[in-house]
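Subject: Structure for you to look at

Hi,

Here is the structure I promised to pass on. Have a look at it first, and then read on for my notes.

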Amino acid sequence: MTTLRRFWIEFEPGKQLWWLSEGVGVTGFDVRDCLAMVAELSIDGPLPPVHRITVDISLAEPLPVRSGRIGVPVWRGVWYPPRNLATGPVHDIDRRGAPFDYPAPVTQPRRARVDRILGTNNPWWHEIPHIDHLLWPLVQMHYACRGRGMRQSAPVVRDRCVADPTYGDMMREALDFMIAWQPTPEEWFDPTETRFADRRDLDEYLGAFRDYVSGERTEPIYPPGSEPLSPEEAVRRAMRVLVIGPPEPLDPPTESAG
């Protein structure tokens, strides 16, 4: 069995069913697997002719649609329109309903901007929806070198999600993808350099952050190494950056009378 891949399927203009008019996003093993799942949802007749198929479509940029949210693209099934939000991942494989006549799939050119900024070749980061626009809250804020800075940054992100519903929707969509993907601690370590003991701890961390920015939790789970400083350590660090100059004279010198 091959691995799951994401496909974006477009049908001939003017001949498609209403819910196929913007295109369909499907995750499956191959083209016929995806077309069979789309055909199973088509209760209004056979599928119209296929115009174009894009394989391994990236979710880091907006999809070529006018509106609407996506489902869970790491599940096998139709995620745009978001049909798999109601059904969960599809488990049965039956390609008999798929048409045989369709154009050869084209591969979307791989984008390298995120890889260049993050300094990683790990494709998982590249696939996160809206990653180009959410580098700070999704990745950079969680760097080990940021340490305790997340305690100041997380409330700012949450407040913006409340003030800007579009930004909040993008954050939740990206975090839903990350949670569904279930990244390994190694995938998270590169490039954040923040190490979790196992996948369960990382899953809990991501879920808590998602609930926090959505307003369903009062505090996120802070990453290892972000514990608040003790009062004594805070004083020691403040003393290290304190610059003490020579004392100023109490009174300016005066010239003696001649």
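At what angle do helix α7 and α9 pack, and how far apart are their axes? The angle is about 165°, and the axes lie 10 Å apart. The two helices are therefore roughly antiparallel to each other, since anything over 145 degrees counts as such. On the α7 side the contact is made by M171, R172, L175, D176, M178 and I179, while α9 brings in L206, G207, F209, R210 and V213. As for handedness, α7 passes α9 in a left-handed crossing.

Before you go further: this is a predicted model, so please read everything here in that light.

**Overall picture**

The protein chain has 258 residues, and 44% of them count as buried. Its secondary structure comes to 10 helices and 5 strands. If you look at contacts with a separation of 6 or more, 64% are between residues 24 or more positions apart. The accessible surface is about 14800 Å², with 55% of that belonging to carbon and sulfur atoms.

**More on α9**

Helix α9 spans residues 199-213, and R210 lies in it. You may want to click on that arginine: R210 is buried, with a relative accessible area of 16%, which is under the 20% cut-off. Leaving aside residues up to four places away in sequence, R210 touches R172, L175, D176, I179 and E216. 

Helix α9 also packs against α6 (residues 150-163), here at an angle of about 50° and with the axes 8 Å apart. That makes α6 oblique to α9. M150, A154, P155, V157, R158 and C161 of α6 make this contact with Y205, F209, Y212 and V213 of α9.

**Helix α1**

Is α1 mostly covered or mostly open? Mostly covered: 9 of the 11 residues in this helix (residues 31-41) are buried. They are V31, R32, D33, C34, L35, A36, M37, V38 and A39, so the list takes in charged residues as well as V31, L35 and other nonpolar ones. The buried residues of α1 pack against four strands: β1 (5-11), β2 (24-28), β3 (50-55) and β4 (77-80). At the start of this helix, a side-chain oxygen of D30 comes to within 3.3 Å of the backbone nitrogen of R32.

**Backbone details to check**

There are two cis peptide bonds to point out. One runs from Y80 to P81, with omega near -10°, and P81 sits in the loop between β4 and α2 (84-87). Another joins D190 and P191, where omega is about 20°; P191 lies in helix α8 (residues 185-192).

Phi is positive at a couple of residues other than glycine. For H130 the value is near 65°. H130 belongs to the loop between α4 (123-127) and α5 (135-138), and with a relative accessible area of 11% it is buried. For Q182, phi is near 55°. Q182 is in the loop between α7 and α8 and is partly exposed, at 37% relative accessible area.

Cheers

Technical notes:
Residues are numbered from 1 along each chain as its sequence is written. This is a predicted model: local features need pLDDT of at least 70, side-chain atom pairs count only at pLDDT 80 or more; totals for chains, interfaces and linings use all residues. Side-chain values use heavy atoms; hydrogens and water are left out. Buried means under 20% relative accessible area, exposed over 50%, partly exposed in between (1.4 Å probe, protein chains only). Contact means heavy atoms within 4.5 Å. Accessible areas come from the Shrake-Rupley method with a 1.4 Å probe; for residues, only the protein chains shown count as cover. A polar contact is a pair of N or O atoms within 3.5 Å; within protein, one must be able to donate a hydrogen and the other to accept it, and residues adjacent in sequence count only if both atoms are side-chain atoms. Axes are lines fitted to C-alpha atoms, for helices over the stretch in contact, and angles run from 0 to 180 degrees between N-to-C directions. Angles under 35 degrees count as roughly parallel, over 145 as roughly antiparallel, 65 to 115 as roughly perpendicular and the rest as oblique. A crossing is left-handed if the near helix is turned anticlockwise from the far one by less than a right angle, and right-handed if clockwise.
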